[in-house]
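This report concerns a protein and the ligand that accompanies it. The reader is invited to look at the surroundings of the ligand before reading on.

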Amino acid sequence: MNGNLKLAIQKKGRLTEKSLDLLKNCGLEIDSYKERLFVSARNFNVDILFLRDDDIPEYVQDGVADIGIVGGNVIEEKNSEVNRVRNLGFGKCKLMFGIPEEESLENPAELQDKVIATSYPEILNKYLDKNSVSAKIIEISGSVEIAPTLGVADYVCDIVSTGTTLKMNKLKKSLTVLESQAELIANKKLSENLSKINLFNELISRIDSALTAKKSKYLMMNVPGESLDSISKIIPSLKSPTIMPLADQELFAVHAVIPADRFWQIVEDLKANGASGILLLPIENMIV
Ligand code: PRT
Ligand code: ZN
């Protein structure tokens with residue numbers, strides 16, 4: 001056993017590429033892994049273990065891995081004792097009831113005595129208990145959506161992202177049971193290992209920088225001198241904007257870091273106040 005921090009990610013699935021992208025954005029150099037069970041980063045003391053997503057919470061709970069990246073839906077279903085450290089902003093989906101197109105389900109009470117097919121019996125059971133209804137749960141591990149067509153269930157309770165799979169099976173979205181995204185989890189005793197906790201803290205601060213950078217954009221534009229005040233008020237800047245005179249005496253270059261999702265709300269205002277040459281650039285990393 002080396003003293004490296006052991007990080008479990010999904011071997012092959014929806015979270016794999018985004019998990020690796022996040023680690024790369026944290027500056028970790030990871031060799032191609034293909035069929036290997038684990039690889040060590042070349043420039044950081046971390047070993048990446050590639051596992052089925054369902055196994056990750058338990059491996060982290062038992063300390064086989066120190067930390068892991070896995071969907072909140074899997075963490076909840078497995079009921080593992082782990083620390084949930086960060087939401088990572090990808091792999092977003094909802095666990096929802098899917099019901100036949102012509103039916104309606106607006107209230108959990110209407111679930112009484114229904115037959116529901118799901119791959120998430122634990123979460124569903126808790127939901128039914130919380131809402132004081134009883135229903136029959138049929139556990140199915142794949143293609144849950146065909147259960148109503150086959151006549152084995154009234155409804156499904158399954159992961160939905162676009163809703164296309166439900167539609168293809170003549171079902172529609174109904175009540176939401178859980179909102180989920182990829183999360184970083186950690187073993188509860190990690191803090192007892194001083195060298196590992198130091199590695200973990202460094203990784204966390206890099207992850208936080210990468211997450212902030214992803215949510216931000218670098219805005220650049222030219223602004224006439226008389227509009228500087230009004231433009232400065234429009235910019236939802238994290239810090240005060242940088243203002244530089246240009247060779248053209250009338251114009252100033254204005255640069256600012258803004259929340260990415262605010263750009264389209266302010267662009268018309270910027271133009272109306274005389275801004276020109278507006279550029280919006282991605283930010284690779286940001287230490288705040
Ligand atoms: O092999 P392994 O066990 O590791 O993978 P897996 O097949 O169990 O999981 P995988 O790779 O499908 O998903 C991994 C994680 O991604 C899930 O645990 C969720 O946290 C998250 N996620 C995000 C999704 C979806 N979006 C998603 N759309 N997981 C599954 N789906 C499936 C859903 O089950 C349904 O069949 O996609 C279908 C619905 O998609 P839409 O877009 O048609 O609504
Ligand atoms: Zn799985």
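In this predicted model, strand S9 supplies the largest share of the shell around ligand 1, namely 3 residues. By character, the shell around ligand 1 consists of 10 polar, 6 charged and 5 nonpolar residues. Among the 21 residues around ligand 1, those that come nearest are Asp54, Asn73, Thr162, Gly163 and Thr165.

Several polar contacts join the protein to oxygen atoms of ligand 1. The table lists three of them.

| Residue | Part of the residue | Distance to an oxygen atom of ligand 1 |
|---|---|---|
| Glutamine 10 | polar side-chain atom | 2.8 Å |
| Arginine 14 | polar backbone atom | 2.9 Å |
| Aspartate 53 | N or O atom in the side chain | 2.8 Å |

On its own, ligand 1 has 830 Å² of accessible area, and the protein covers 77% of this area. As for its location, ligand 1 sits in the largest pocket. Two or more residues of the shell around ligand 1 come from each of these elements: helix H3 (72-78), strand S9 (155-160) and helix H6 (164-168).

The wider arrangement of the chain may now be considered. How is the protein divided into domains? Its parts are domain 1 (5-91 + 182-213), domain 2 (93-180) and domain 3 (217-282). Domain 1 is thus written as two segments of the chain, 5-91 and 182-213. Both domain 1 and domain 2 contribute at least three residues each to the shell around ligand 1. Between the C-alpha centres of domain 2 and domain 3 there is a distance of 48 Å.

Key. Residues are numbered from 1 along each chain as its sequence is written. Chains are lettered from A and ligands numbered from 1 in the order in which they are written. This is a predicted model: local features need pLDDT of at least 70, side-chain atom pairs count only at pLDDT 80 or more; totals for chains, interfaces and linings use all residues. Side-chain values use heavy atoms; hydrogens and water are left out. A residue is near a molecule or strand if one of its heavy atoms lies within 4 Å of it. A polar contact is a pair of N or O atoms within 3.5 Å; within protein, one must be able to donate a hydrogen and the other to accept it, and residues adjacent in sequence count only if both atoms are side-chain atoms. Accessible areas come from the Shrake-Rupley method with a 1.4 Å probe; for residues, only the protein chains shown count as cover. On a 1 Å grid over the protein atoms alone, a cavity is a set of points where a 1.4 Å probe fits but cannot get out, and a pocket is an open set with protein on both sides within 12 Å along at least five of seven lines; lining residues have an atom within 4 Å of a point. A molecule sits in a cavity or pocket if more than half of its atoms lie within 2 Å of its grid points. Helices (H or I, at least four residues) and strands (E, at least two) are DSSP runs, numbered from the N terminus. Ala, Val, Leu, Ile, Met, Phe, Trp, Tyr, Cys and Pro count as nonpolar, Asp, Glu, Lys and Arg as charged, and the others, Gly among them, as polar. Domain bounds come from an automatic or database domain assignment.
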